[in-house]
Every structure is written in C-alpha cells, then in structure tokens.
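Thanks for coming, everyone. I'll take a few minutes on one chain and go through its strands. Please bring the model up on the screen.

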Amino acid sequence: GLLGPLSGIAQNEISENSLQLFPNPASYETTLITFAESPLNAIVNISDISGKTISSLKWKTEISHQLVLPIAELNQGVYLIEVVTESTSKTLKLVKQ
C-alpha cells in the first residue's frame, strides 16, 4: 500500500540524525559518517564560509559508511561540508583548528 514507496524515499535521504562529522573541531582530518540504511551516491563539497568550493569528493556509501576528509592544508576557520545526493542535500559546519 501507501507505506512502501514513502518509507523507501525516506531511507534514501540523509537526515540530521544519519550524518555525523567526527572529530569536529579538527586539525588534520575529519571523518564523515552516515547511518543511512540504503546505499547513497553522494558528492561532498567542502567550501569556506563565503561559499567558495575548495574541494569536491565522491562518496559511495555502499563501499564505505565513512569518508575521511583531509583538511590539513586548510586555514583555521569555519568550513561548510555539503553532502548532496539525488534527492537531498545536507550541510554541516566544520571548525578547523
């Protein structure tokens, strides 16, 4: 019935609870972790606070539920980590120390 398609859509989305950045604040690297049940093909954009994209990474969560972001080269400050999938996008703030 009605529940099938709706629950399927929900699982494909990245929600507030299903995405974490650890450690944060970080100095050398930080790891993006997802708890989403179904595999996602995502693009991860790292941008500075003005919105300028510094780097983009591809993330296939069926291969790994974790993605290490190398941030050693970045200056100290606040960065935006945007995770974009086919149906949704989620932005997390990262503090680089």
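Four strands make an open sheet, in the order β4-β3-β6-β7, and the pairing is antiparallel. Which strands stand at the edges? They are β4, residues 53–60, and β7, residues 89–96. Each has a single partner strand, so one side of each is left without a neighbour in the sheet. From one strand to the next, the twist averages 20°. Keep in mind that this is a predicted model.

Now the β6 and β7 pair. Strand β6 covers residues 77–84. Eight bridges join β6 to β7, and the two run antiparallel. To find the register, start at valine 78: its bridge partner in β7 is valine 95.

Back out for a moment to the whole chain. It has one helix and seven strands. Reading from the N terminus, the elements go α-β-β-β-β-β-β-β. So much for the order; on to the other pairings.

Take β1 and β2. Strand β1 is residues 19–22, and it pairs with β2 in the antiparallel sense over four bridges. Leucine 21 has leucine 32 as its bridge partner in β2. A hairpin makes the connection from β1 to β2, through six residues.

That loop deserves a look at its peptide bonds. Which kind of peptide bond runs from phenylalanine 22 to proline 23, cis or trans? It is cis, with omega near -10°. Proline 23 is found in the loop between β1 and β2. There is another cis bond from asparagine 24 to proline 25, with omega near 5°. Proline 25 lies in the loop between β1 and β2 as well.

Next, β2 on its other pairing. Five bridges join β2 to β5, residues 66–70, and these strands run antiparallel. Glutamate 29 stands opposite proline 70 in β5. How many of the six residues of β2 are buried? Five of the six, across residues 29–34, so β2 is largely enclosed by the rest of the structure.

Strand β1 reads quite simply, side chain by side chain. The side chains alternate along it. Leu19 and Leu21 point to one face and are buried. Gln20 and Phe22 point to the other face and are not buried.

That leads to the core. The largest nonpolar core has 17 residues. Which of them have the most contacts inside it? They are Leu21, Leu32, Val44, Trp59, Leu69, Ile81 and Val83. Two or more core residues come from each of β1, β3 (41–48), β5, β6 and β7. Leu21 and Leu32 we have met already, as bridge partners in the β1 and β2 pairing.

Last, some totals. The chain has 97 residues, and 36% of them count as buried. Among contacts in the chain with a separation of 6 or more, 54% come from residues 24 or more positions apart. The chain exposes about 6,100 Å², and carbon and sulfur atoms supply 54% of that area.

To recap, with the model still up: the open sheet runs β4-β3-β6-β7. Strand β2 pairs with β1 over four bridges, and with β5 over five. Two cis peptide bonds lead into proline 23 and proline 25. I'll stop there.

Technical notes: Residues numbered from 1 in each chain as written. Predicted model: local features only at pLDDT ≥ 70, side-chain atom pairs only at ≥ 80, totals over all residues. Heavy atoms only, no water. Pairing = 2+ DSSP bridges. Axes fitted to C-alpha atoms, helices over the stretch in contact; angles between N-to-C directions. Buried < 20%, exposed > 50% of the residue type's maximum accessible area, 1.4 Å probe, protein only. Core = buried A, V, L, I, M, F, W, Y, C linked by side-chain atoms within 4.5 Å. Contact = heavy atoms within 4.5 Å. Areas by Shrake-Rupley, 256 points an atom, 1.4 Å probe, with all protein chains shown as cover.
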